[in-house]
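Work through the exercises below with the model open. Try each task before reading its solution.

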Amino acid sequence: MKIDVKKQDIVTYVYFVCSMAQQTKNGMFGALGSKSDKIGGIFDRWINIIPESISFNKYFLPLAKEQAKTKKDISVYSDFYMYNPAVVGIAPDVIGLKIDNKIIPFVKYDDGKPNKQYWVAQENCPQIEVKSFFGKKYMVSLRDQHYSGKYLIMINAELPVDYLLSFFKSEDFSADKIANLHMPDDFIVSNEKGLLSQTKSVQFGKNDLGFIEILTVTTAQEFMNTALKLNAGEIPRYFMGVTERNVKIKEDKFEINKTMDYFCERQTSGLYRFNQEWLFNNRKEKTLDLAFKNPSDIKIIRKNSNSLVVEAVNDTEVNGIKLEKNKQYNLNFGVFGQIAGEEYFLNKDLVGYLPNKQAELVAKLANVIKTNS
């Protein structure tokens with residue numbers, strides 16, 4: 001499900017980040033990052049909050065309103081409080097709803113609670129986390145930040161690199177100042193290769209900023225039950241795809257000649273997890289689970305630094321990608337850096353193996369709406 005992102009959808013988020021930058025003398029630091037940032041770095045880190053309200057206001061709440069049989073004006077409340085999460089704890093991404101002019105908190109803040117359990121879930125209200133992934137990502141991950149009992153919405157977001165230019169005005173840049181950007185030929189002896197170019201004009205005021213795509217709705221617990229758990233210092237190895245080989249390796253040159261089922265076991269999720277015989281095993285790396293139609297139909301021929309050369313014994317599939325009988329392919333992998341603490345990882349193209357809880361979440365939202373209408 002793809003949802004268009006308009007300028008007006010993110011105005012409040014842009015203002016929130018600007019306020020955050022101005023209120024923090026030395027930039028964002030501590031619990032919100034590992035270094036001191038200026039406003040550009042703060043935007044880069046906080047851009048992931050943008051899909052929260054968009055996904056609810058444009059997708060989940062219309063479904064819930066239809067189920068609740070109401071035409072009332074309903075919108076989501078996101079967390080715009082400023083605080084240090086290391087001290088206060090982290091509020092759910094959706095802290096409540098507004099039905100007409102009535103506020104329905106899903107969680108309330110109470111710093112009189114012991115053990116810093118300040119965010120108190122409200123009865124019969126769903127607790128929701130939204131995880132957003134920007135750009136081309138091959139894997140999704142989750143740290144268990146007291147997510148027990150919470151729904152998990154996973155979203156892929158595509159915003160252009162210049163999305164913030166929509167909030168600049170062309171009149172802020174006078175023509176005489178822009179003219180100073182034009183470089184005279186006095187500095188050039190030869191530019192026959194065309195490697196130097198003049199500053200191009202900037203387009204401001206775009207309203208269409210990209211889209212978000214809802215990957216799945218599940219629960220944090222189901223994600224952790226399905227995904228591969230890594231500990232501090234370990235390195236995730238993720239799957240990047242398949243490329244067909246133009247030149248086949250002859251059978252007498254096979255270096256491994258074992259089928260994939262020798263290296264993995266099927267999990268209750270239907271995914272396959274790699275065992276101690278796996279070719280990429282080392283002390284720190286862990287290869288994320290893969291989906292095979294039948295692992296015995298894939299014969300491994302050779303191991304390279306970040307790929308495996310395989311041959312399809314029969315027509316088969318890996319992560320939904322079709323492999324044709326008797327053809328040879330490279331299965332390509334990438335590695336991420338060492339992780340800082342316990343974290344759960346899954347190849348992004350396998351989120352369909354997570355139990356889908358969208359209908360359940362929408363029903364709970366509809367019940368909250370009906371109860372408070």
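A disulfide is counted here when two cysteine sulfur atoms lie within 2.5 Å. This is a predicted model, in which local features need pLDDT of at least 70, side-chain atom pairs count only at pLDDT 80 or more, and totals for chains, interfaces and linings use all residues. Residues are numbered from 1 along each chain as its sequence is written, and side-chain values use heavy atoms, with hydrogens and water left out.

**Exercise 1. Cysteines**

Task: Find how many disulfides the rule gives, then class Cys 18 and Cys 125 by exposure.

Solution:
- Start with the chemistry. A disulfide is a covalent bond between the sulfur atoms of two cysteines.
- Apply the cut-off. The count is zero disulfides.
- Set the exposure classes. Buried means under 20% relative accessible area, exposed over 50%, and partly exposed in between (1.4 Å probe, protein chains only).
- Class the residues. Cys 18 has a relative accessible area of 29%, so it is partly exposed. Cys 125 has 15%, so it is buried.

**Exercise 2. The sheet that holds E1**

Task: Give the strand order of the four-stranded open sheet, then look at its pairs.

Solution:
- Fix the terms. Strands (E, at least two residues) and helices (H or I, at least four) are DSSP runs, numbered from the N terminus. Two strands pair if DSSP finds at least two bridges between them.
- Read the order. It is E1-E10-E9-E7, with mixed pairing.
- Find the edges. E1 and E7 (128-134) each have a single partner strand, so one side of each has no neighbour in the sheet.
- Check the turn. Neighbouring strands are turned by 30 degrees against each other on average, direction ignored. The axes behind such angles are lines fitted to C-alpha atoms, for helices over the stretch in contact, and angles run from 0 to 180 degrees between N-to-C directions.
- Take the first pair in the order. E1 (residues 2-6) and E10 (residues 208-219) are antiparallel over five bridges. Lys 2 stands opposite Glu 213 in E10.
- Take the pair at the other end. E7 and E9 (residues 151-158) are parallel over seven bridges. Val 130 has Ile 153 in E9 as its bridge partner.
- Split E1 by face. In a regular strand the side chains alternate between the two faces of the sheet. Ile 3 and Val 5 make the covered face of E1, while Lys 2, Asp 4 and Lys 6 make the uncovered one.

**Exercise 3. The six-stranded sheet**

Task: Which strands are at the edges of this sheet?

Solution:
- Write the order. The open sheet runs E13-E17-E18-E21-E12-E16, with mixed pairing.
- Pick the edges. E13 (258-259) and E16 (285-287) each pair on one side only.
- Inspect one pair. E12 (residues 235-244) and E21 (residues 328-335) are antiparallel over seven bridges. Arg 237 has Val 335 in E21 as its bridge partner.

**Exercise 4. The cavity**

Task: What lines the largest cavity?

Solution:
- Define it. On a 1 Å grid over the protein atoms alone, a cavity is a set of points where a 1.4 Å probe fits but cannot get out; lining residues have an atom within 4 Å of a point.
- Count. The whole structure has one cavity of 30 Å³ or more.
- List the lining. It includes Tyr 13, Val 14, Phe 43, Trp 46 and Tyr 163.
- Assign elements. Helix H1 (7-23) and helix H2 (39-46) give two or more residues each. H1 gives the most, with three.

Definitions and conventions. 1 Å grid on protein atoms, 1.4 Å probe; cavity = no way out; pocket = protein on both sides within 12 Å on 5 of 7 lines; lining within 4 Å. Points joined across faces, edges and corners; volume = space filled by probe spheres on them.
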